[in-house]
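Hi there,

I'm handing over the structure we talked about, so please have a look at it below. My notes on what turned up follow underneath.

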Amino acid sequence: MMPSLGFFRMMLASGSRYLRTVLTLAEFELRKLRHDSSEIFIRGVQPALWLLVFGVTFASIRAIQTGPFTYLQYLTPGVLAQSVMFVAVFYGIMLVWERDLGLLNKLLSTPAPRSAIVLGKALSAGVRSIFQAIMIFALALIMNVSLTLNPLELMGAIIVIVLGGMCFSCISMCLAPIFKTREKMMGIGQAITMPLFFTSSAIYPIELMPDWLKAIAAVNPLSYVIEAMRTFLIPGYYEYYQPPLLLDIGATLLATAIFATIAALLFRRILE
Amino acid sequence: MKAVEAVNLTKMYSDFKAVDAISFDVDEGQIFGLLGPNGAGKTTTIRVTLTLIKPTSGSITVFGIDCVKSAAAVRQISGYVPQEVSIDTDLTGYENLLMYSKLYYTPKDQRESRIGDALEYMDLADRQHDLAKTYSGGMMRRLEIAQALMNRPKMLFLDEPSIGLDPTAKTAVWEHVKRLRDEFGTTILLTTHDMHEADVLCDEIAIMNRGKIVADGSPEELKASVGGDVISLVAHNGDCSQVLQEHGKLLSSRPEEGAYELVVARGEKAIPSILESLESHKIHVESVSLKKSTLDDVFLKYAGARIQEGGTWKDARLLRRAVRKRG
């Protein structure tokens, strides 16, 4: 039997409502950022130190082999991705904070589907990540790191940044309904970001890792985000390594979809 | 049709019964209050009705819509002001309203007029473009109510609407809530631990204690059920006991001291006729005083305790203060 036209119309209407919820949440995140953007600068201090201190030092002692590219070129996309992860992981903590305040109860009292709220929060994290990344990108340019300025490649990088922000905020929003308190979530945030960072290819190539670490890096979403960013941002990177860009983006997408689904399923538990 | 109908509603948290087989109904256009102490199950009842949490057993409907089966439909016609803070203090008053008008899928051409109306109605129009963290406690509360009006709800849920407000701001919130009902016929279900609030605001009250409804009725009925008002009078020339007994129940009578206490249903109405009949017996009354029965007496009778301040209310108040200071 063919589904009736009315059915399609209904699906279309609920699909457009779904999308509107997601976009509305991201829109108001942007408005908040416009009212007060100081946080972007405060959160920029740590990645700046990675570039200015760690990056410059390791570049001068030439301890890590990065092919024909300078170490700072290699490190910048890694630090960029790390800062995106730090921004995004904060969203699980914010979810608990909004629950404690009452904002989350209020949000859940609207007809918006739970999963749209999860995706809306994730997209908010993605949007905020863009601004964080722009700051670090600008710093790298000031430090005279050679990065692409090709608008198409930059567009690609922005898409990866948004995806990365969504992925890590979803991981964090999966954990929020399990740990439930702000104190625990702060600890969890610390406990997952650093291991994810050090088991990724952010500061050293995967080829240099011992085998056990390689295995972890292979399932670490951050590695895929970083590789995709390097492909877009470092001039000549794609030609030299022929990295599997579609695999990197696909893996990030898949991880985002999995964690978003889990977060949406667990979401109700955060109120109880 | 009833605005809210709950039958044997129960909510368990592991083995703790937060709400214990309560049944109640709210008429359309009524202001219905759930009154009770901390942990009585009032907020849980509201959250189940709002479909935020699922009941363990029993049934609950809002305007005939089942809260478990058609949760989104219930949410579309409901407005909610939680006990805690529901506005984003990093956004302006206007933006807080715009966000919720979008989340309720208000048609684009109606958004501005609804936001304008709500701001006007809650006396916030002149501060609408200031960040909400610069608002006073009363303004924040009014903004929260305005926010809950964005979908023009048939059913409004207010959880402790005047908590943490100073007396003037409290009265203003009460006036606004009453006007909503009077002008738009909005049905309102609220929770409160404030006897006075329940008395001035509610048409009907259900008193909750430990997850159960222990008494319900209009404030007048409830107060009458504890016996009524107490009139004390002093008169020395002659024994009044006989005359007074015709007007109500004599609580104490000490003719040698000239002091009498009498329980009547409506004190202010009884006094003139009592004075008149004493006058006709040539008894001169020197003084008379009236102690109205309060909902506190009602609560004491049905729950066997007085409502105590503290617990989560203290937290809620501290929270509201903290949020304001963040700005």
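How far apart should the ends of helix H10 (residues 221–233) of chain A be at 1.5 Å a residue? The helix has 13 residues, so the expected span is 18 Å, and the end C-alpha atoms are indeed 18 Å apart. Do keep in mind that this is a predicted model.

H10(A) is also largely enclosed by the rest of the structure, because 13 of its 13 residues are buried. At its N-terminal end sits a cap: a side-chain oxygen of Asn220(A) lies 2.9 Å from the backbone nitrogen of Leu222(A).

Next, the interface between the two chains. Here 34 residues of chain B are in contact with 29 residues of chain A. Together the chains bury about 3100 Å², with 58% of that on carbon and sulfur atoms. On the chain B side, Leu52(B), Leu103(B) and Tyr105(B) lose the most area to chain A, together 24% of what that side buries.

There are polar links too. The chains share four salt bridges; Glu27(A) forms a salt bridge with Lys102(B), where the closest N and O atoms are 2.6 Å apart. Twelve residue pairs are in polar contact across the interface, counting pairs with both residues at pLDDT 80 or more.

Which helices of chain B should you look at here? H2, H3, H5 and H12 of chain B each supply at least two residues of the side that touches chain A. The largest share, six residues, comes from H3(B). By type, that side of chain B divides into 19 nonpolar, ten charged and five polar residues.

Happy exploring!

Technical notes: Residues numbered from 1 in each chain as written. Chains lettered and ligands numbered in written order. Predicted model: local features only at pLDDT ≥ 70, side-chain atom pairs only at ≥ 80, totals over all residues. Heavy atoms only, no water. Helix = DSSP H or I, 4+ residues; strand = E, 2+ residues; numbered from the N terminus. Expected span 1.5 Å × (residues − 1). Buried < 20%, exposed > 50% of the residue type's maximum accessible area, 1.4 Å probe, protein only. Polar contact = N/O pair within 3.5 Å; in protein donor to acceptor, adjacent residues only side chain to side chain. Contact = heavy atoms within 4.5 Å. Buried area = accessible area lost by both parts, 1.4 Å probe. Salt bridge = Lys/Arg side-chain N within 4 Å of Asp/Glu carboxyl O. Nonpolar A, V, L, I, M, F, W, Y, C, P; charged D, E, K, R; others polar.
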